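Work through the exercises below with the structure open. Try each task before reading its solution.

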Amino acid sequence: MDKVRAKAFMGSMVGILNNGAISMMLSVGHRTGLFDTMAGMGPVTSVDLAEAAGLDERYVREWLAAMSSGGIVDYSPEGETFELPAEHQALVTRAGGPLNLAAQMQYISLLGQVEDDVVESFSTGEGVPYSRYPDFQKLMAEDSKARFDAALLDVIIPAIPDAPDMLTAGCRLADVGCGSGHALIMLAEAYPDSSFVGFDFSDDGLQTARDAAAAKGLTNLEFVAADAAAIDRPDEFDLITTFDAIHDQAQPAKVLANIHNALVDGGHYLCVEPKAHSALADNMHEPVAAFQYTISTMHCMSVSIAGGGEGLGTAWGTELTTEFLETAGFSDIETVEVKPDRTNTYFVCRKS
Ligand SMILES: C[S@@+](CC[C@H](N)C(=O)[O-])C[C@H]1O[C@@H](n2cnc3c(N)ncnc32)[C@H](O)[C@@H]1O
């Protein structure tokens, strides 16, 4: 028994307990808009912050106590004031776009809602279906919107060979597992001479997507309810994208084969998947590895297993993704850096 190690582990466990709790308060701060209100206010009392945010002072004061003892905001006992330091602002405010990790903290609370189901699955080996995650589409849409707004048109689409020119001239692009459709709506607006199709099996996501497209009066895109494992549209699209939509499939190999089949010869496929290696040993020192394996257990692996699938998991990783792409028939597989998005790997490949 190494007493030093035991003591260090105790400190680590206390840190984990605190950080788990703080993650929920970060989520609350994001959802209530408190961080956005605080940014730029300078030192502020709980009374003034509550008034500025239009919220209840007692709740705001308790939240500030958690945030200041948790090291998120600064606290000055004289004057009882709190300040969100400039150095922290991008990481907790909407102005930070894809850098806003307070928005990501919402996943912790969301996934806590299915803990009973997941615990049960440890005994049964069965999965947890998408229908058990009531707010998943809403949160996913918020999360990916920040990334798409920051990078889709200027960085992500230009990463696909010739894509901006093809889209300007007029081509056909499909997004499989399109969720709430924000990427396609941006593309349909930016490239009016091209046509776009989004496939998903989520009624919630598709409804949001259709409403948003209708509100913008877009006529060059449609959202189709479909199981990606059953899409049969041979040689129809010049470009296909998937954004975080393969690893949680029940039948990922079939979905990739369908995407290959749906492309014209020479058509390009952009496959965006969580950044990881396939072997645990290679991920051990990655900063978000524990987060990825947790999200996987609580959602991505479990929804795949619920569909009778193989449960690849969030961190199925670059090596295995490449194998799956090759097996589906893709060639010229390259990974591309997309600077504002540090959490995903962008695979660009071609139907030969
Ligand atoms: C992690 S979300 C990503 C959504 C969207 N691409 C984004 O980036 O916001 C995965 C999406 O794939 C959809 N999906 C999962 N399995 C599917 C299947 N077999 N057929 C169609 N859609 C599926 C889910 O409904 C969900 O919208």
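The exercises cover the ligand shell, the polar contacts and the helix packing.

This is a predicted model, in which local features need pLDDT of at least 70, side-chain atom pairs count only at pLDDT 80 or more, and totals for chains, interfaces and linings use all residues. Residues are numbered from 1 along each chain as its sequence is written, and side-chain values use heavy atoms, with hydrogens and water left out.

**Exercise 1.** State how many residues surround the ligand, and sort them by class.

Solution. Step one: count the residues with a heavy atom within 4 Å of the ligand. There are 18, and the closest are Q137, S144, G177, D200 and A228. Step two: sort the shell, which has nine nonpolar, six polar and three charged residues. Here Ala, Val, Leu, Ile, Met, Phe, Trp, Tyr, Cys and Pro count as nonpolar, Asp, Glu, Lys and Arg as charged, and the others, Gly among them, as polar. Step three: look for the element that gives the most to this shell. Helix α9 (residues 136-156) does, with five residues. Helices are DSSP runs (H or I, at least four residues), numbered from the N terminus.

**Exercise 2.** Find the ligand's polar contacts (pairs of N or O atoms within 3.5 Å) with D200, F201 and D227.

Solution. Start with D200: a polar atom of its side chain is 2.6 Å from a ligand oxygen. Go on to F201, where a polar backbone atom sits 3.3 Å from a ligand nitrogen. Finish with D227: a polar side-chain atom lies 2.9 Å from a nitrogen of the ligand. Now add the cover: the protein takes up 96% of the 590 Å² of accessible area that the ligand has on its own (Shrake-Rupley method, 1.4 Å probe).

**Exercise 3.** How are α13 and α16 oriented to each other?

Solution. Take α13 (residues 252-262) and α16 (residues 317-328): their axes, lines fitted to C-alpha atoms over the stretch in contact, come within 9 Å. They cross at roughly 50 degrees, on a scale from 0 to 180 degrees between N-to-C directions. The two helices are therefore oblique (not under 35, over 145, or 65 to 115 degrees).

Key
Polar contact = N/O pair within 3.5 Å; in protein donor to acceptor, adjacent residues only side chain to side chain.
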